[in-house]
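Hi everyone, thanks for coming. I'd like to walk you through one structure today, so please have a look at it while I talk.

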Amino acid sequence: MNKVINILNNIEIDDVLDIATGRGQFIQFLMKNLKNYNTITGVDNHSKSIQMARESFSEYEDVNFIEKNFFELDPKNHKYDAVSVSNSLHHFANPEKCLNKALSLLKQNGYFIISEMHRNGEQSESQKTHIMFHHWSAEIDNHNGVTHYRTFTHEKLIKLTRNLDIINKKVLKFSYPYDKKNQKEIKSYLKKAINKKLESIDKNENIFKKMEEKKNRILDHLDEYGFASSEMTFIIGRKR
Ligand SMILES: C[S@@+](CC[C@H](N)C(=O)[O-])C[C@H]1O[C@@H](n2cnc3c(N)ncnc32)[C@H](O)[C@@H]1O
């Protein structure tokens, strides 16, 4: 974690674009750790997430959001000094296409930042809760016709970025700290979220029972070990 923070602590830039920002979770991390920036823009095509992001960042004039499929952003209109993609690559049917489009929105010499959870390596039991929860959600999304891969391995993420035209590339692994103090709230939030997600399948569908059983196993694991964000792959480089 410290190595990642040290890298960000040395970056001074103007405009940042966070692709597939969701509720803007990674923007918080960038705001806290970048040495300096002028603006951060988050783009996402999910209306509810953008609405929540706008609400939670309403007091920051230098953070703004665009509700859009990011493939529709035109590099001729605006290029950024840094582009980030966090925990989203596995939501794209073609992650390499996503990375190439992201790179096109970056100025020459700009920073390309990828931060993505991976499923292998040495994960604690609480980190495994995250991975289990994630893969279960992906199974439901795929059943419902929404693209959502299982999380990638660390090595696969490196491979995905192999042909990107970036220089000074650094690859690191890091983990967000285990939030011991807020486990009760986290557990209660996750329980609500997992039950709500199961409701997206009709009880009469064959898959329902199987997903309900899996859900119960994940909740048992959550009760026993708690939750921590899974280990991350962090890749940073500059556009040639
Ligand atoms: C796991 S969430 C976001 C995670 C967030 N970046 C973070 O670091 O926690 C993945 C997001 O990708 C968004 N997404 C998927 N395809 C997209 C596209 N073509 N354009 C913009 N956003 C997209 C989804 O709407 C979803 O909010």
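Let's start with Ile-167, which sits in strand β6. Keep in mind that what you see is a predicted model. So, is Ile-167 buried or exposed? It's exposed, because just 9 other C-beta atoms lie within 10 Å, and a residue with 12 or fewer counts as exposed. Who does Ile-167 touch once you set aside its neighbours within four places in sequence? The partners are Gly-237, Arg-238 and Arg-240. There's also Tyr-111: along the chain, Ile-167 and Tyr-111 are 56 residues apart, yet their C-alpha atoms are 9.7 Å apart in space.

Stay in that strand for a moment. Asn-168 is found in β6 too, and the strand covers residues 166–174. Its phi is near 50°, which is a positive value in a residue other than glycine. If you're new to backbone angles, here's the background: most residues other than glycine have a negative phi. Asn-168 counts as exposed, because it has 10 C-beta neighbours inside 10 Å.

Now over to another asparagine, Asn-109. Where is it? You'll find Asn-109 in strand β5, residues 106–117. Here phi is near 75°, again positive and again not a glycine. With 11 C-beta neighbours inside 10 Å, Asn-109 is classed as exposed.

One more asparagine before the helices. Asn-6 has its place in helix α1, which runs over residues 2–9. It has 10 other C-beta atoms within 10 Å, so it's exposed. Asn-6 and Asn-33 are 27 residues apart along the chain, and 8.3 Å separates their C-alpha atoms.

Okay, on to helix packing. Find α5, residues 125–143, and α8, residues 207–225. How do their axes meet? They come within 9 Å and cross at roughly 165°. Anything over 145 degrees counts as roughly antiparallel, and therefore that's what we call α5 and α8. The crossing of α5 and α8 is left-handed. On the α5 side, the contact includes Met-132, Phe-133, Trp-136 and Ile-140, while the α8 side includes Met-211, Ile-218, Leu-222 and Tyr-225. What kinds of residues make up the contact of α5 with α8? Nine are nonpolar, four are polar and four are charged.

Helix α8 has another partner to look at, and that's α7. These two pack at an angle of about 175°, with their axes 11 Å apart. That angle makes α7 roughly antiparallel to α8. From α7, the contact uses Lys-187, Leu-190, Lys-191, Ile-194 and Leu-198. From α8, the residues are Met-211, Glu-212, Lys-215, Ile-218, Leu-219 and Leu-222. Sort the contact of α7 with α8 by class and you get seven nonpolar, no polar and four charged residues.

What about the stretch that joins those two helices? Between α7, residues 183–198, and α8 there's a loop, and Ile-201 is found in it. Ile-201 is partly exposed, because 17 other C-beta atoms lie within 10 Å. Leaving out residues up to four places away in sequence, Ile-201 touches Ile-140, His-143, Ile-207, Phe-208 and Met-211. Two of those names, Ile-140 and Met-211, you've already heard in the contact of α5 with α8. Asp-141 is worth finding as well: Ile-201 and Asp-141 are 60 residues apart in sequence, and C-alpha to C-alpha the gap is 9.6 Å.

Last stop, the ligand. How many residues surround it? There are 18, and the closest are Ala-20, Gly-22, Gln-25, His-46 and Ser-86. Helix α2, residues 25–33, and strand β2, residues 39–44, each supply at least two residues of the shell around the ligand. By class, this shell has six nonpolar, 11 polar and one charged residues.

That's my tour. Go ahead and find Ile-167 in β6 again on your own screen, and then we can chat.

Definitions and conventions. Residues are numbered from 1 along each chain as its sequence is written. This is a predicted model: local features need pLDDT of at least 70, side-chain atom pairs count only at pLDDT 80 or more; totals for chains, interfaces and linings use all residues. Axes are lines fitted to C-alpha atoms, for helices over the stretch in contact, and angles run from 0 to 180 degrees between N-to-C directions. Helices (H or I, at least four residues) and strands (E, at least two) are DSSP runs, numbered from the N terminus. Angles under 35 degrees count as roughly parallel, over 145 as roughly antiparallel, 65 to 115 as roughly perpendicular and the rest as oblique. A crossing is left-handed if the near helix is turned anticlockwise from the far one by less than a right angle, and right-handed if clockwise. Two residues are in contact if their C-beta atoms, placed from the backbone, lie within 7 Å. Ala, Val, Leu, Ile, Met, Phe, Trp, Tyr, Cys and Pro count as nonpolar, Asp, Glu, Lys and Arg as charged, and the others, Gly among them, as polar. A residue is near a molecule or strand if its C-beta atom, placed from the backbone, lies within 6 Å of it. A residue is buried if 20 or more other C-beta atoms lie within 10 Å of its own, exposed if 12 or fewer, and partly exposed in between; C-beta atoms are placed from the backbone.
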